[in-house]
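Trainee: I have a model open and want to learn how to read it. Can we go feature by feature?

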Amino acid sequence: MSRSIVRQSKFRHVFGQAVKTDQTYDDIRVSKVTWDSSFCAVNPKFLAVIVESSGGGAFLVLLLSKVGRVDKNYPLVIGHSGPVLDIDWCPHNDNILASCSEDTTAMVWQIPDHTPSRPISEPIVVLEGHSKRVGIIKWHPTARNILLTAGSDNLIIIWNVGTGEPLITMDDHPDLIYNVSWNYNGSLFCTTCKDRRLRVCDPRKNKVVAERLSPHEGIRPMRAIFTKEGNIFTTGFTRMSQRELGLWDPTNFEEPIALLELDTSNGVLLPFYDSDTNIVYLSGKGDSSVRYFEITEEPPYVHYISTFSSKEPQRGMGFMPKRGVDVSKCEIARLYKLHERKCEPIMMTVPRKSDLFQDDLYPDTAGPEPALEPEEWMDRQDADPILVSMRDGYVPPKSRELKVAKKNVLDTRPATRRSMSAVDGSSLPPQLLEKLVEEIQNLKATVLSQEKRICDLENKLSKYTNGTV
């Protein structure tokens with residue numbers, strides 16, 4: 001009598017569960033921009049969601065504890081002149097958020113620990129270097145203040161946020177970049193592109209070190225992420241428009257380690273990867289389900305675990321870093337599902353009877369301290385994330401201010417004109433000083449007379465248009 005062999009895995013029974021209705025975030029007008037980003041970013045302190053707004057781009061930042069209905073007058077983060085396309089929390093400072101927009105800029109924001117009384121409109125630093133919209137923004141996983149942006153001008157720029165200067169510019173992509181993913185220690189990143197190529201880039205050598213044409217044969221957008229072991233997990237489409245998963249070894253792109261067909265839905269699958277458990281969660285825009293798979297070293301390498309299903313389709317998804325999960329409930333991941341008007345947390349849990357801390361579920365995870373300074377990373381040093389224990393849970397530290405020293409930026413710009421109030425009067429001859437003051441007064445008088453003339457003309461024009469003359 002033959003017995004079926006069941007694969008041994010502690011994650012075989014992971015199940016997803018949406019929180020109760022009173023624990024959701026309601027009345028959020030999620031952005032309707034047609035861009036394949038997750039529209040949501042979350043960390044152990046805050047939830048950020050890109051929202052609809054008139055007169056530019058905006059996003060909403062809520063304290064995680066602020067569940068329930070969001071007031072329609074709740075202060076937004078405003079500053080971009082075009083729709084916001086992507087947002088990302090800094091892994092080394094829970095109060096720092098980066099955003100990018102159709103207005104060709106990226107901005108870095110300091111979010112206060114308390115609820116702001118008015119909209120936040122002043123970023124810490126504005127990063128200007130792209131000539132078209134910026135659709136991807138990603139913090140470096142281990143180096144302080146290193147930020148990557150990718151735009152529709154097909155450029156990838158790596159910035160030092162601490163000085164506001166671009167460190168590296170890569171122009172190896174001939175077409176639109178779909179996504180970018182750093183590897184575990186941030187020495188390489190992989191990209192997918194509209195030219196149907198998967199590339200592995202070494203930014204400090206400023207070159208592509210490996211590439212593969214058409215890891216998925218379909219022409220629809222692909223996504224790729226690095227696993228902890230250094231392999232690349234991809235999502236894409238077959239020639240018949242079926243959704244497909246792939247696992248690749250970047251040192252040998254000839255044959256995939258695994259290739260798996262899913263279904264015929266047309267939404268792009270966004271992968272969210274947990275390096276501690278080697279589980280990847282797949283969320284398709286417009287889908288109403290989240291599938292999850294375990295990546296292992298034994299065939300078939302990508303193992304289907306289960307599917308979390310609900311009635312409402314998702315507009316986007318946020319993924320909580322491991323530091324933010326509840327270890328007392330054996331929660332190994334938490335996703336934040338965006339509906340049309342609300343955000344719903346989904347808890348992924350391993351069923352265990354014991355209330356004790358489960359060492360096997362929670363290996364030490366990446367903590368908030370950077371392993372490298374920007375200068376060390378640029379000198380080709382690499383380091384894995386600094387790990388912290390989850391035994392007693394994680395308590396987010398209080399707000400730390402990001403200091404930006406813009407000396408490098410200002411040194412490259414032309415000298416600005418000093419205002420008259422900044423001029424040292426003692427260094428000028430009295431005749432010249434009197435002449436300058438007189439000239440300023442004459443100019444002010446001219447401006448005032450011109451403004452009066454403009455007002456008169458506008459009044460005349462309004463009389464004509466209203467038909468009173």
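Mentor: Start with one residue: Ile157 is buried, with a relative accessible area of 3%. Buried means under 20% relative accessible area, exposed over 50%, and partly exposed in between, with a 1.4 Å probe and protein chains only.

Trainee: What kind of model is this, and how are residues numbered?

Mentor: This is a predicted model, where local features need pLDDT of at least 70, side-chain atom pairs count only at pLDDT 80 or more, and totals for chains, interfaces and linings use all residues. Residues are numbered from 1 along each chain as its sequence is written, and side-chain values use heavy atoms, with hydrogens and water left out.

Trainee: In which strand is Ile157 found?

Mentor: Strands (E, at least two residues) and helices (H or I, at least four) are DSSP runs, numbered from the N terminus. Ile157 lies in strand β14, residues 156-160.

Trainee: Which residues does Ile157 touch?

Mentor: Contact means heavy atoms within 4.5 Å. Not counting residues up to four places away in sequence, Ile157 touches Gly129, His130, Leu147, Leu148, Thr149, Pro166, Ile168 and Thr169. Take Gly129: it is 28 residues from Ile157 along the chain, and their C-alpha atoms are separated by 7.8 Å.

Trainee: How many helices and strands does the protein chain have?

Mentor: Three helices and 32 strands. Of its 469 residues, 49% count as buried. Among contacts with a separation of 6 or more, 52% link residues 24 or more positions apart.

Trainee: How do I read a sheet?

Mentor: Strands of a sheet pair through backbone hydrogen bonds, either parallel or antiparallel. Here, two strands pair if DSSP finds at least two bridges between them. One open sheet has four strands in the order β8-β9-β10-β11, with antiparallel pairing. Its edge strands are β8 (84-89) and β11 (125-128), each pairing on one side only. The twist averages 20° from one strand to the next. For such angles, axes are lines fitted to C-alpha atoms (for helices over the stretch in contact), and values run from 0 to 180 degrees between N-to-C directions.

Trainee: Which residue in β11 stands opposite Met107?

Mentor: Val126 does. Four bridges join β10 (residues 105-110) to β11, and the two run antiparallel.

Trainee: What is the strand order in the open sheet that contains β16?

Mentor: The order is β16-β17-β18-β19, four strands with antiparallel pairing. β16 (177-182) and β19 (207-213) are the edge strands. Inside, four bridges join β17 (residues 189-193) to β18 (residues 197-202). Thr191 has Arg199 in β18 as its bridge partner.

Trainee: Is Glu294 buried or exposed?

Mentor: Glu294 counts as buried because its relative accessibility is 9%. Its place is in strand β26, residues 289-295.

Trainee: Which side chains make polar contacts with Glu294?

Mentor: A polar contact is a pair of N or O atoms within 3.5 Å; within protein, one must be able to donate a hydrogen and the other to accept it, and residues adjacent in sequence count only if both atoms are side-chain atoms. The Glu294 side chain has one of 3.2 Å with Arg7 and one of 2.7 Å with Ser9.

Trainee: Why is Cys40 not bonded to Cys343?

Mentor: A disulfide is a pair of cysteine sulfur atoms within 2.5 Å. Cys343 holds the closest cysteine sulfur to that of Cys40, but at 4.8 Å it is too far for a bond. The structure holds zero disulfides. Cys40 counts as buried at 4% relative accessibility, and Cys100 counts as buried at 0%.
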